[in-house]
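Please look through the sequence and the model below before reading on. The paragraphs that follow lead from an aromatic cluster to the strands around it, and from there to the charged side chains.

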Amino acid sequence: MDYTRKLLPGQVSRIHIGYADGREPTVVFETDRILIEAPNWTLDGTRLIVNGDGLLWSITPEPGGELQLIPLEGVPPLNNDHVLAPDGEHIFVSANDWHIYEASLQGGPVRRITSDNDPARLHFLHGVSPDGRTLAYIGLDAGGDDVWASGNVYTVPATGGQDVQLTFDSRPADGSEYSPDGEFIYFNTEAFETTPGHAQIARMKADGADVEQLTFDGQVNWFPHIAPDGRSAVYIAFPPGTEGHPENKWVEVKLVTDGRWLQPRTVERLHGGQGTVNVNSWAPESQRFAYISYPVAGLDE
């Protein structure tokens, strides 16, 4: 089955760069050929890494850039969950066989990290510890009645090995990502509400202790991403009542400064959702962040 997303008629993928100092965002790339998703910024600050058509691509974060294929070998088509390793030379990716792999940014053969489970578990990568030793992922129970509702936070050694479950909620979690100092894991969860479609941002200690709710508004908040210097954060806000993180919605990209989670600023309202900012897309100097919109010609709000 082909799980890769495709552009609608009249739709484009558009890469935006936002700024921590509040400057107006800029658009650096647009294409009507491929639906690209989930930008990461390389450690040297020279390129963005995105997925599209089940493949991995790189592009310079400046006007005039062109997509360059990263030729991976021995991996199924990729989804939009990929995070760079702290060494700046490797990347961890999630594939549509629901496993996590390690790959070189230069391309070539990959190494599978996650193992088969009983019952089967689907793995969706979101975070890598600052020392590169541990991955944080969302695990879904493939045998459950509602697969997507079973999402909980797990960790696994980057070399492979025993998984550790950190949350045990009956309401779904997603977007588990380490803080730059490794002390916390940030994520979104519906555990604070009984009504479907009310995800809020939370964090917990890296061992799963002391879960703390950070946002308390009526929007549906997903995918918290912390800047490398720890001073800023970006997340995406869906309209109230949205279940999951669907594509082709009017959403807001939110910026949090100096830990003021109760006072986020809307960077931009755009047509997107799924694929816009699924993974950490902060530049290494913590002043820029990337995200993707999917406008459709003639679309009204």
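**An aromatic cluster and its surroundings**

Phe-184, Tyr-186, Tyr-235 and Trp-261 come together as one aromatic cluster. The model is a predicted one, and what is said here about these rings and about the rest of the chain should be read as a description of that prediction. Across the structure there are eight aromatic pairs. Within the cluster, the ring centres of Tyr-235 and Trp-261 lie 6.0 Å apart with their planes at 25°, and because planes under 30 degrees apart count as stacked, this pair is a stacked one. Tyr-235 belongs to strand 22, while Trp-261 is found in the loop between strand 23 and strand 24, so that the pair, with 26 residues separating its members, links distant parts of the chain. Tyr-235 and Trp-261 are both buried.

Another member of the cluster, Phe-184, also has a charged neighbour, since the charged end of Arg-203 sits over the ring of Phe-184 at 3.8 Å from its centre. Arg-203 in turn leads to Glu-212, which, once its neighbours within four places in sequence are left aside, is in contact with Phe-192, Ile-201, Ala-202 and Arg-203. Glu-212 is placed in strand 20, residues 212-213, and with a relative accessible area of 35% it is partly exposed. Seen against the chain as a whole, the C-alpha atom of Glu-212 is separated by 35 Å from that of Pro-295, a residue 83 positions away along the chain.

**Strands 17 and 18**

The cluster residue Tyr-186 brings the reader to strand 18, where Tyr-186 is the bridge partner of Glu-177. Strand 18 (residues 184-189) pairs with strand 17 in the antiparallel sense over four bridges, and the two strands form a hairpin with five residues between them, in whose turn Gly-182 has a positive phi of about 80°. Strand 17 (residues 173-178) is largely enclosed by the rest of the structure, because six of its six residues are buried.

**A second aromatic pair, and an open sheet**

Elsewhere in the chain, Trp-98 and Phe-124 form an aromatic pair that is tilted, with 5.7 Å from centre to centre and 45° between the planes. Because Trp-98 lies in the loop between strand 9 (90-95) and strand 10 (100-104), whereas Phe-124 lies in strand 13 (residues 121-128), the pair ties together parts that are 26 residues apart in sequence. Phe-124 is buried, its relative accessible area being 10%.

Strands of a sheet pair through backbone hydrogen bonds, in either a parallel or an antiparallel sense. Here, four strands make up an open sheet in the order 3-4-5-6, with antiparallel pairing. Strand 3 (36-41) and strand 6 (68-70) stand at the edges, and because each has a single partner strand, one side of each is left without a neighbour in the sheet. From one strand to the next, the twist averages 35°. Further inside this order, strand 4 and strand 5 run antiparallel and are joined by five bridges, and Leu-48 has Ile-59 in strand 5 as its bridge partner.

**Charged side chains**

The loop between strand 4 (48-52) and strand 5 (55-59) holds Asp-53, which is linked to Lys-6 in the segment before strand 1 (13-19), 47 residues apart. The side chains of Lys-6 and Asp-53 meet there in a salt bridge with an N to O distance of 3.0 Å, one of the 15 salt bridges that the structure holds. Lys-6 is partly exposed at 45% relative accessibility, and so is Asp-53, at 36%.

Arg-5 takes part in a network of salt bridges with Glu-37 and Glu-247, and the charged end of Arg-5 also sits over the ring of Tyr-294, at 5.1 Å from its centre.

Asp-258 and Arg-231 form another salt bridge, their closest N and O atoms being 3.3 Å apart. This pair too links distant parts of the chain, with Asp-258 in the loop between strand 23 (249-257) and strand 24 (265-272) and Arg-231 in the loop between strand 21 (220-226) and strand 22 (232-238), 27 residues apart. Asp-258 is partly exposed, with 41% relative accessibility. In a further salt bridge, the side chains of Arg-288 and Glu-285 meet at 3.1 Å, N to O; Arg-288 is partly exposed at 25%, and Glu-285 is partly exposed at 34%.

Notes
Residues numbered from 1 in each chain as written. Predicted model: local features only at pLDDT ≥ 70, side-chain atom pairs only at ≥ 80, totals over all residues. Heavy atoms only, no water. Salt bridge = Lys/Arg side-chain N within 4 Å of Asp/Glu carboxyl O. Buried < 20%, exposed > 50% of the residue type's maximum accessible area, 1.4 Å probe, protein only. Phe/Tyr/Trp six-rings, centres within 6.5 Å; stacked < 30°, edge-to-face > 60°. Lys NZ or Arg CZ within 6 Å of the ring centre and 35° of its normal. Contact = heavy atoms within 4.5 Å. Pairing = 2+ DSSP bridges. Axes fitted to C-alpha atoms, helices over the stretch in contact; angles between N-to-C directions.
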